[in-house]
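Let's walk through this structure together, going from the whole chain down to a single residue. Please keep the model open beside the text as you read.

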Protein chains: 2
Amino acid sequence: MGVLTKIREAKTEPKVTLPVGQILDGDCVEAMRSLPDASVDLVFADPPYNLQLGGDLNRPDGSHVDAVTNDWDKFDSFAIYDQFTRDWLTEARRVLKPDGALWVIGSYHNIYRVGAILQDLGFWLLNDIVWRKSNPMPNFRGTRFTNAHETLLWASMGEKARYHFNYTAMKTLNDELQMRSDWVIPICNGGERLKRDGHKVHPTQKPEALLYRVLLATTDKNDIVLDPFFGTGTTGAVAKRLGRQWIGCERDGSYRDAAWERIESALPLDESALATMQSRKSAPRVAFGSLVEAGMIAPGTELFDKKRQYSAKVRADGSLESGTEKGSIHGVGKVLQGAPSCNGWTFWHLEHEGATKPLDALRQTYLLSIED
Amino acid sequence: MGVLTKIREAKTEPKVTLPVGQILDGDCVEAMRSLPDASVDLVFADPPYNLQLGGDLNRPDGSHVDAVTNDWDKFDSFAIYDQFTRDWLTEARRVLKPDGALWVIGSYHNIYRVGAILQDLGFWLLNDIVWRKSNPMPNFRGTRFTNAHETLLWASMGEKARYHFNYTAMKTLNDELQMRSDWVIPICNGGERLKRDGHKVHPTQKPEALLYRVLLATTDKNDIVLDPFFGTGTTGAVAKRLGRQWIGCERDGSYRDAAWERIESALPLDESALATMQSRKSAPRVAFGSLVEAGMIAPGTELFDKKRQYSAKVRADGSLESGTEKGSIHGVGKVLQGAPSCNGWTFWHLEHEGATKPLDALRQTYLLSIED
DNA sequence: GAGGACACTGAATCGGTAT
DNA sequence: CATACCGATTCAGTGTCCT
């Protein structure tokens, strides 16, 4: 590649060339120093998360979890991580045009530090976006909530700065509803996941659908996108597909090689690719506990079947209790009847507003209340 | 109300009384100073977000920042907010027990500052939780993504600190799937929304379903919950319903009045409704040898895994023997598989009354037989 | 080929108690 | 303080192999 693009700086500065379509070798702060002021439209950054993992972790079946143990994710303290963050954000700010914008992705380990520093440097937060993973890794030890999301920050250059937002494109992508700040996107696996000798090339490759939405929302055709932590080049591949120009920084040669191979084989956008990016809507699953939480069914409520042969009492966590039997609405119904299975939603009834109703009626009401 | 609960501090300190079931008047930092060290189990905090709203700038204590004489800018406002955050978090940390925990809710305006300061003070993030609003306010001007979520941080007192998590109750509440870090809960409106003369009493009243999940997940019955920004008392109302003790701080008299009225009309749950599914962790421990002693398993019985790849013989003392390998049900299973660990109760099976059963089934039978 | 059983995997801050 | 030992714990998806 190596296409050099001429840009004209503000006022009457001499023309400068930008290394568009190139992966700059080396530390991203050093690499960005070679770029002129106010020259790129968007920065997308996926910095190390500073995970601070302890010992090994095994799944309940005894298999080993292949965690992120790379040296590039190790920092000795928050202070050192903060300095690293200030350094690259400062340089990113310098190369951004006044109406440019910045995206950073992170997890709870690092994103609060990044967000605060970003604000301290004068960036202006426009949204925080939640990437809700449809298939996250479970919490194998049952010690916390399943960590099922990551966070993206989108910021302009300052409170009064202008920025680009393709409102209509987002609304179209979201079935004519305003795009929300929570995005449901699967993690990167299957054919999209880059592998070498059967092993993943990069431990934290991001899904292209995520970059697709970011670039479609906040850049225009031919805009220049800089990714200081290029990795295996997801940003470059999607930029090429969407007709955006890109610059990457990456110090790991094997990542750069994989990125080149990938970007060269990336095809410019066609309609079929667009279709696969559309979010598919499916009916939300409702847990019985949600109805209890929402106050639609009080703990202590008596449930019974249509013939009033059986009864059970609702408990605080959404489980049922009937004699010595305890469990879910389905499980308790099944055991009481001695049946092979039971749909608790249709089996159990309650007195509601003077009438006898199956639980399913309340589920419908709840679904309406949480509809977008 | 005004029930005073006696607590005993660590070591041999004199007994101290806690203002349980009370709303402390005044600034929360001052109010918390009246509480003893290490005395509460949980802090839930919904601090003011009032940053960057344009126009007038108020300090979190309500005093007005004079734009002309103070020559404030966003850096000043962040610095003021940071100091306020450090102050109340420090005091909250002091009154928390060593195995207590803290929750804070916020939006992108303030949560990155809160999160970073929390980490700086030594709190250890356990999860960040996304409250995904099912019915958020749209972005009327079409300039950004619809801001459809808020963020909650859950933190323990430190990296090595213990904390409470009712894993099984959460799993039950979510229809037998692990509870994830993204929670879909409607915003507070309808009958739950407190109104006076047709206007909402508090601008940011939180839904009770949110507090319900927080308290059910991370407190036990009778635990003491402190809310430094009590507002109209959602925390107190849900705590009362769930049989938790509460303390509030609120400087606004009209909010305190509304909170009192609301909490007094809240109905506590009865004992059986309050019950939740208990994890097996809390069941009394049974030694495998006890089953042999009790005659439920005869020495010499052949055990095998589900696939019948391995087998072992039970010995008189409740140990297993397989080839040259001898030891506990866990130890032998672990060595045979070459696994990092093994739960012998679920790994080993035997023929019992014509069927193949895991040892765990016999443990359950034994547990029932020794119940009082 | 279709379908079922099974294996494998993903940015993970993933024990508690007794000695 | 470390060490030993007990024993609790997973969801969605892809790929492979076998029937």
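How many Å apart are the mean positions of the positive and negative charges of chain A? They lie 3 Å apart, with 45 positive and 49 negative charges entering the comparison.

Before going further, please bear in mind that this is a predicted model. The mean pLDDT of chain A is 91, and 91% of its residues reach 70 or more. Two stretches call for care. In residues 8–14 of chain A the pLDDT is below 50, and the model gives this stretch four contacts beyond near neighbours in sequence. The pLDDT is also below 50 over residues 271–281 of chain A, a stretch with 13 contacts beyond near neighbours in sequence. Where pLDDT is low, the predicted coordinates should not be read in detail.

Now for the overall build of chain A. Its C-alpha trace spans about 85 × 45 × 40 Å along the principal axes, and its secondary structure comes to 12 helices and 18 strands. Chain A has 372 residues, and 53% of them count as buried. On the outside, chain A exposes about 16,700 Å², of which carbon and sulfur atoms supply 50%. If you take the contacts in chain A between residues at least 6 apart in sequence, 66% of them join residues at least 24 apart.

Turning to the interior, the largest nonpolar core has 73 residues. Residues from chain A and chain B are named among those with the most contacts inside this core: W88(A), L102(A) and L118(A), together with W88(B), L102(B) and L118(B). Have a look at W88(B): setting aside residues up to four places away in sequence, W88(B) touches C28(B), V29(B), M32(B), A45(B), P47(B), L102(B), V104(B) and F229(B). Another core, of 61 residues, lies apart from the largest one, and its members include F44(B), W103(B), L173(B) and A209(B).

Finally, let's stop at one residue, V238(A). You will find V238(A) in helix α6 of chain A, which covers residues 234–241. Is V238(A) buried or exposed? V238(A) counts as buried because its relative accessible area is 0%, and buried means under 20%. Which residues does V238(A) contact, leaving aside neighbours within four places in sequence? They are E208(A), L211(A), Y212(A) and L215(A). As for R86(A), 152 residues separate it from V238(A) in sequence, and the two are 27 Å apart in space, C-alpha to C-alpha.

Conventions: Residues are numbered from 1 along each chain as its sequence is written. Chains are lettered from A and ligands numbered from 1 in the order in which they are written. This is a predicted model: local features need pLDDT of at least 70, side-chain atom pairs count only at pLDDT 80 or more; totals for chains, interfaces and linings use all residues. Side-chain values use heavy atoms; hydrogens and water are left out. pLDDT is the predictor's confidence in each residue, from 0 to 100. Contact means heavy atoms within 4.5 Å. A nonpolar core is a set of buried Ala, Val, Leu, Ile, Met, Phe, Trp, Tyr and Cys residues joined through side-chain atoms within 4.5 Å. Buried means under 20% relative accessible area, exposed over 50%, partly exposed in between (1.4 Å probe, protein chains only). Helices (H or I, at least four residues) and strands (E, at least two) are DSSP runs, numbered from the N terminus. Accessible areas come from the Shrake-Rupley method with a 1.4 Å probe; for residues, only the protein chains shown count as cover. Lys and Arg count as positive and Asp and Glu as negative; His and the chain ends are not counted. The place of a charge is taken as NZ of Lys, CZ of Arg, CG of Asp or CD of Glu.
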